[in-house]
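Reader: Could you take one part of this model and walk me through it closely? I'd like the strand pairing at one hairpin to begin with, and then whatever connects to the wider picture.

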Amino acid sequence: GKKNDGNFFNTRAKFSPPFIATVVAKTDSTNIRVKYAKGQVILNWEVKQDELRVRHPETGGQNGIKNEGRIPTDEWVEVKWEILENSTTVSVNGDTKFEADGDFSRLNSQVGVGPAFGSTVTLQSLTIEKL
C-alpha cells in the first residue's frame, strides 16, 4: 500500500447502512484512521493534530473541523461512527464532532482501522452494530 496506508485491520464482512461502528483504540503519536467506503475519520492528523479530518463516505469530500481532532497519546479513545441511510455522525468519547447528510443507502463496504505516517495504533475493539 501507499506510505500512509499502514497496516489496516479490516473487517472480513462488508456492511450496509444503517449501522454504528465503534472503535476503541490508542495511538503512540498521530493518526488513528477509521475507513468506510470512500469515507475516513482521522484523529491526530499528522498535518494539524487539532483538526478532525472527515472524508464523506459517499463522495470522498474532505471536511476539516477545527479544534476537534486532537486526542491524548497512549490512551484508549472511543470513536463511534454512525452511518444511517441518509446521514452520518462521528463522536469521540461521547462528544459529537461531525454530522453530515448524504445518500448512504447503497454503500456496502468493509470497515477498517489503522495508522498512518509512522504511527502505531493499538486496536482494543471494533464493533459493528446493525440498526
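Author: Let's start at the turn end of the hairpin, where Val 92 stands opposite Asp 95 in E9. Keep in mind that this is a predicted model. The two strands involved, E8 and E9 (residues 95–101), run antiparallel and are joined by six bridges. Two residues sit between the strands of this hairpin, and Asn 93 takes a positive phi there, near 50°.

Moving back along E8, which spans residues 87–92, you come to Thr 89. Is Thr 89 buried or exposed? Thr 89 has a relative accessible area of 17%, and the cut-off for buried is under 20%, so Thr 89 counts as buried. What does Thr 89 touch, leaving out residues up to four places away in sequence? The list is Lys 80, Trp 81, Glu 82, Thr 96, Phe 98 and Glu 99. Thr 96, Phe 98 and Glu 99 fall within the 95–101 range of E9, while Lys 80, Trp 81 and Glu 82 fall within the 77–83 range of E7.

Step off the start of E8 and you are in the loop that comes between E7 and E8, where Asn 86 is found. Asn 86 is exposed, at 54% relative accessible area. Its contacts, again leaving out residues up to four places away in sequence, are Asp 101, Gly 102 and Phe 104. Asn 86 also comes to 8.9 Å from Pro 18, C-alpha to C-alpha, although 68 residues separate the two in sequence.

One of those contacts, Asp 101, is within the residue range of E9. A little further along the chain there is a salt bridge between Arg 106 and Asp 103, with the closest N and O atoms 3.0 Å apart. Arg 106 is exposed, with a relative accessible area of 67%, whereas Asp 103 is partly exposed at 29%.

Now for the open sheet. Six strands make it up, in the order E1-E10-E3-E4-E5-E6, with antiparallel pairing. E1 (9–10) and E6 (62–65) are the edge strands, and each has a single partner, so one side of each is left without a neighbour in the sheet. Inside that order, E3 (residues 32–36) and E10 (residues 111–114) pair antiparallel over four bridges. One place to look is Arg 33, whose bridge partner in E10 is Gly 114.

Arg 33 is worth a second look. At 5% relative accessibility Arg 33 counts as buried, and its side chain forms a salt bridge with Glu 46, the closest N and O atoms being 3.2 Å apart. Arg 33 lies in E3 and Glu 46 in the loop between E4 (39–43) and E5 (52–55), so this pair ties together parts that are 13 residues apart in sequence. Glu 46, at 29% relative accessibility, counts as partly exposed.

How many salt bridges does the structure hold? There are six. Another one joins Asp 50 and Arg 70, at 2.6 Å from N to O. Asp 50 is in the loop between E4 and E5 and Arg 70 in the loop between E6 and E7, so that pair ties together parts 20 residues apart in sequence. Asp 50 is partly exposed, at 36% relative accessibility. Salt bridges also link Lys 48, Glu 51 and Arg 53 into a network.

E3 brings us to the aromatic residues as well. There are two aromatic pairs. In one, the rings of Phe 15 and Phe 19 have their centres 6.1 Å apart and their planes at 45°, so the pair is tilted. In the other, Phe 19 and Tyr 36 have ring centres 5.0 Å apart with the planes at 75°, so that pair is edge-to-face. This second pair links distant parts of the chain, since Phe 19 is in E2 (residues 19–27) and Tyr 36 in E3, 17 residues apart. Phe 15 and Phe 19 are both buried, and Tyr 36 is buried too. Taken together, ring pairs link Phe 15, Phe 19 and Tyr 36 into a cluster.

Finally, look at two lysines and the rings beneath them. Lys 35 lies over the face of Phe 8, 4.2 Å from the ring centre. The charged end of Lys 26 sits over the ring of Trp 76, at 4.6 Å from its centre.

Notes. Residues numbered from 1 in each chain as written. Predicted model: local features only at pLDDT ≥ 70, side-chain atom pairs only at ≥ 80, totals over all residues. Heavy atoms only, no water. Pairing = 2+ DSSP bridges. Buried < 20%, exposed > 50% of the residue type's maximum accessible area, 1.4 Å probe, protein only. Contact = heavy atoms within 4.5 Å. Phe/Tyr/Trp six-rings, centres within 6.5 Å; stacked < 30°, edge-to-face > 60°. Lys NZ or Arg CZ within 6 Å of the ring centre and 35° of its normal. Salt bridge = Lys/Arg side-chain N within 4 Å of Asp/Glu carboxyl O.
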